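Got the viewer open? Load the model, pick a cartoon view, and let's walk through it one selection at a time.

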Amino acid sequence: MRVVFAGTPEFAAVALDAILAAGFTVPLVLTQPDRPAGRGMKLQASAVKQRAVAAGIPVAQPQGLKLDGKYAADAAAAREALLAADADVMVVAAYGLILPQWVLDTPRRGCLNIHASLLPRWRGAAPIHRAIEAGDAETGITIMQMDAGLDTGDMLSIGREAIRAGDTTALLHDRLAALGGRLIVEALQAGALPRTPQPAEGVTYAHKIEKAESLIDWAQPAAEIERRLRAFDPFPGGVATLAGEAVKVWRAERAEGRGEPGVVIAPGPVVACGEGALRLTELQRAGGKRGPAAAFLQARPISPGERFDA
């Protein structure tokens, strides 16, 4: 089977590794254009491109795929590359571009998507983050036959994964990436799988994570803030202001106590929330490195009565 692969971040690269390890022929990889990254803002290839180059696979990096859109020349070149690849199927994982109908129709068996949720819950861009933020007990991977909608296609297989008490997006991401790689290989090896339409009930959307969401609202219950901190690790973290200084809050745990939201009510520091309190356990000063609260307190002591503002 000839498998064209489209994906960009590490989540997708894990699936590409699994497909190659299973012995499938990958004649072409599509991924996002190189982006500036790091302190020097030098152009950096995506995780998928790095894997493809190492394996000697041709790579296409169109800025868009609409044949009549802003990047029509890129789309036309991608179309030629796809036709030349003569693919039986395309596997898509966190690619970052919407696939027009011509792409969906090009491979003989269409396009399969590796989606990091139990569809139809958490369709959209940030399913791992939103599942943790919402306090879901479990999530998983859905292998889906793609159609023109936003994660609306028929389901081919599902794998479930429990969300553990201390899970961050980074930790859950790694387990789901491995699960996605295993399930897509099983789907490709099976050839034809029964297609199950998604239920009409239970649809939710995992909207893209915005940097502005990092601002901590101490009036919220402690349980909600703690989940958001885990959901926003590694991006964008939680941000609060202490005596005019921006402080990143990476990790916290539930604690006893009550008081005015945002006020430090005990050493630790323990901060009162709208309901309950949180002991901040991992902090970062502007320009510094994230680390245990104890190390932060050595450089900048925090006393009861001080206030963290949003």
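For the charge count here, Lys and Arg are positive and Asp and Glu negative, while His and the chain ends are left out. Select those side chains in this predicted model: you'll get 34 positive and 34 negative ones, and the centres of the two sets sit 4 Å apart.

Now zoom out to the whole chain. Its C-alpha atoms fill a box of roughly 65 × 45 × 35 Å along the principal axes. Colour by secondary structure and you'll find eight helices and 18 strands. Switch on a surface: about 14600 Å² is exposed, with carbon and sulfur atoms supplying 53% of that. Of the 310 residues, 49% count as buried.

Next, pick out the open sheet. Seven strands line up as β5-β2-β1-β6-β7-β9-β10, with mixed pairing. At the edges are β5 and β10 (155–162), each pairing on one side only.

Stay at the β5 end and select residues 29–30 and 59–60, which are β2 and β5. These two strands run parallel and are joined by two bridges. Show side chains there and you'll see Val 29 opposite Val 59.

Which residues of helix α2 are buried? Select 47–55 and look for Ala 47, Val 48, Lys 49 and Ala 52. Yes, a Lys is on that list. To see what covers these buried residues, add β1 (3–7), α1 (10–21), β2 and β5, which are among the elements doing so.

Last stop: step just past the end of α2 to Gly 56, where phi is positive, at about 75 degrees.

Technical notes
Residues are numbered from 1 along each chain as its sequence is written. This is a predicted model: local features need pLDDT of at least 70, side-chain atom pairs count only at pLDDT 80 or more; totals for chains, interfaces and linings use all residues. Side-chain values use heavy atoms; hydrogens and water are left out. Helices (H or I, at least four residues) and strands (E, at least two) are DSSP runs, numbered from the N terminus. Buried means under 20% relative accessible area, exposed over 50%, partly exposed in between (1.4 Å probe, protein chains only). Accessible areas come from the Shrake-Rupley method with a 1.4 Å probe; for residues, only the protein chains shown count as cover. The place of a charge is taken as NZ of Lys, CZ of Arg, CG of Asp or CD of Glu. Contact means heavy atoms within 4.5 Å. Two strands pair if DSSP finds at least two bridges between them.
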